[in-house]
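Trainee: I am new to this structure. Can we go through it in short steps?

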Amino acid sequence: MIDMKIVAIQPALQLGQVEANLQKLEQLILAAYQEHTPDVIVLPESMTSPNVYSPQALLTPQPLDGEPLQLLIRLAKQLNVVITGGFVAIRDGHTYGTYVMVERNGDYHLHDKDIPTAWEQNFYRGGSDDGIVDSSSLNCKVALLSGWEWARFRTARRVREQHAQLILGGMCWYSMPINWYGLLGTWMRREHEIYKQQSEALPAQMARLTGIPVVHAAHVGEILSDMPMLPYVKWLTEMVGETQICDAAGNVLARMSLADGEGYIAAEIELAEPKPVDPLASSYWIPDMTLTSKLAWHVGNLHGGLMYRVRHRLKKFPWQKQLK
């Protein structure tokens, strides 16, 4: 068995404020390290700017070797830890929802989220790698998970088939609008409560399905965004939090909820041979997604995917000008 101490960061970040968000994350990382001296520090996806629908999201993609990656490399080497985190990265003429794992010596591994979630399709395309990497620092196979990859049975199947021993990753799980009124507002608030319940349960569910420890870092806090296809309608979303560290049996060792706000958690885990507790199902989603969620998923994917292809072909993305 291999024992290690893990820290997971739960940040409240600002839309579009890449530099300020990176500065805040550095402060949180240094504070967490000083308090816990961990072996691994885990950040969520979208560490540069929350994944919401907004024109500002067009301005936040960063070169793969740019400031976000350099920050992770610098801190990994300075603190002698493994650090993970994700951002929308410009690479090979496209953008990807890239999740990075940096080794203690500064070497790094990449994983591109397989399917951008709904409106995220407007801003980046999906990847094709399996997200399983061999860590020289941790001496084990690590599965990197980003966004709603956490919520699909096929992800758990992939992790099991590749015999990973540890899951590291994060989420930027936004809510349905919490600023609408009347019957529609009541409906959206009901959906929001369901999201909070599902996000709370999901890390332990993934641990039981794969039989290995999981570390799930999440965003928290309110962000005002736009409504896809309805530009004059505002969507006040609330990142639902649920940063958790779970053991291989799905026991929650440390947790930060939405109510806890910004901060970090720490716990010690043991790595061993995977022993799944729950069977894999043939269904697509691990949570029992509501009809509203499924509709938003399919419509958002279709609309966003089309808009990405059109913008890219017409060279309308601001980051494309950087490639000339």
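Trainee: How many residues does the largest nonpolar core have?
Mentor: This is a predicted model. In general, nonpolar side chains of soluble globular proteins tend to be buried together. Here W148, W150, V159, I167 and M206 have the most contacts inside the largest nonpolar core. That core has 51 residues.

Trainee: Which element supplies the largest share of this core?
Mentor: Several elements supply at least two residues each, among them β4, β8, α3 and β9. β11, β12 and α5 also do so. The largest share is seven residues, and it comes from α4.

Trainee: Which residues does V159 touch, leaving out those up to four places away in sequence?
Mentor: V159 is among the residues with the most contacts inside the largest core. Its partners include I132, A143, L145 and A164. The others are I167, T210 and I212.

Trainee: How many residues are in the second, separate core?
Mentor: This core includes L13, L75, L79 and A89. It is separate from the core that has 51 residues. The second core has 26 residues.

Trainee: Now charges. How many salt bridges does a search of the whole structure find?
Mentor: Side chains of opposite charge can pair when their charged atoms come close. One such pair is R91 and D112, at 2.4 Å from N to O. The search of the whole structure finds 16.

Trainee: How many residues apart are R91 and D112?
Mentor: The side chains of R91 and D112 meet in a salt bridge. R91 is in strand β4 and D112 in strand β6, so the pair links distant parts of the chain. Both R91 and D112 are buried. They are 21 residues apart.

Trainee: Is K113 buried or exposed?
Mentor: K113 forms a salt bridge with E120. The closest N and O atoms of the two are 2.7 Å apart. E120 is buried, and K113 is likewise buried.

Trainee: Which residue forms a salt bridge with D114?
Mentor: D114 lies in the loop between β6 and β7. Its partner lies in the loop between β8 and α3, 38 residues apart from D114. Both partners are buried, and their closest N and O atoms are 2.7 Å apart. The partner is R152.

Trainee: Which residues are linked with D114 and R152 in a network of salt bridges?
Mentor: D114 and R152 form a salt bridge with each other. The network also takes in E149, R154 and R158.

Trainee: Which residue takes a positive phi in the hairpin of β11 and β12?
Mentor: β11 and β12 pair in the antiparallel sense over eight bridges. In this pairing S225 stands opposite W235 in β12. The hairpin has two residues between the strands. The residue with a positive phi, near 70°, is M229.

Trainee: What is the accessible area of the nonpolar patch that holds M229?
Mentor: M229 shares this surface patch with L230, L295 and V299. V299 lies in helix α5. V299 counts as partly exposed because its relative accessibility is 37%. Together the four residues of the patch have about 370 Å².

Trainee: Why does V277 count as partly exposed?
Mentor: V277 lies in the loop between β15 and α5. Leaving aside neighbours within four places in sequence, V277 is in contact with R208, A248 and A249. Partly exposed means between 20% and 50%. V277 counts as partly exposed because its relative accessibility is 48%.

Definitions and conventions
Residues are numbered from 1 along each chain as its sequence is written. This is a predicted model: local features need pLDDT of at least 70, side-chain atom pairs count only at pLDDT 80 or more; totals for chains, interfaces and linings use all residues. Side-chain values use heavy atoms; hydrogens and water are left out. Two strands pair if DSSP finds at least two bridges between them. Helices (H or I, at least four residues) and strands (E, at least two) are DSSP runs, numbered from the N terminus. Buried means under 20% relative accessible area, exposed over 50%, partly exposed in between (1.4 Å probe, protein chains only). Contact means heavy atoms within 4.5 Å. Patches are made of residues with over 30% relative accessible area and no salt bridge: like charges are joined within 9 Å, nonpolar side chains (Val, Leu, Ile, Met, Phe, Trp, Tyr) within 5 Å. Accessible areas come from the Shrake-Rupley method with a 1.4 Å probe; for residues, only the protein chains shown count as cover. A nonpolar core is a set of buried Ala, Val, Leu, Ile, Met, Phe, Trp, Tyr and Cys residues joined through side-chain atoms within 4.5 Å.
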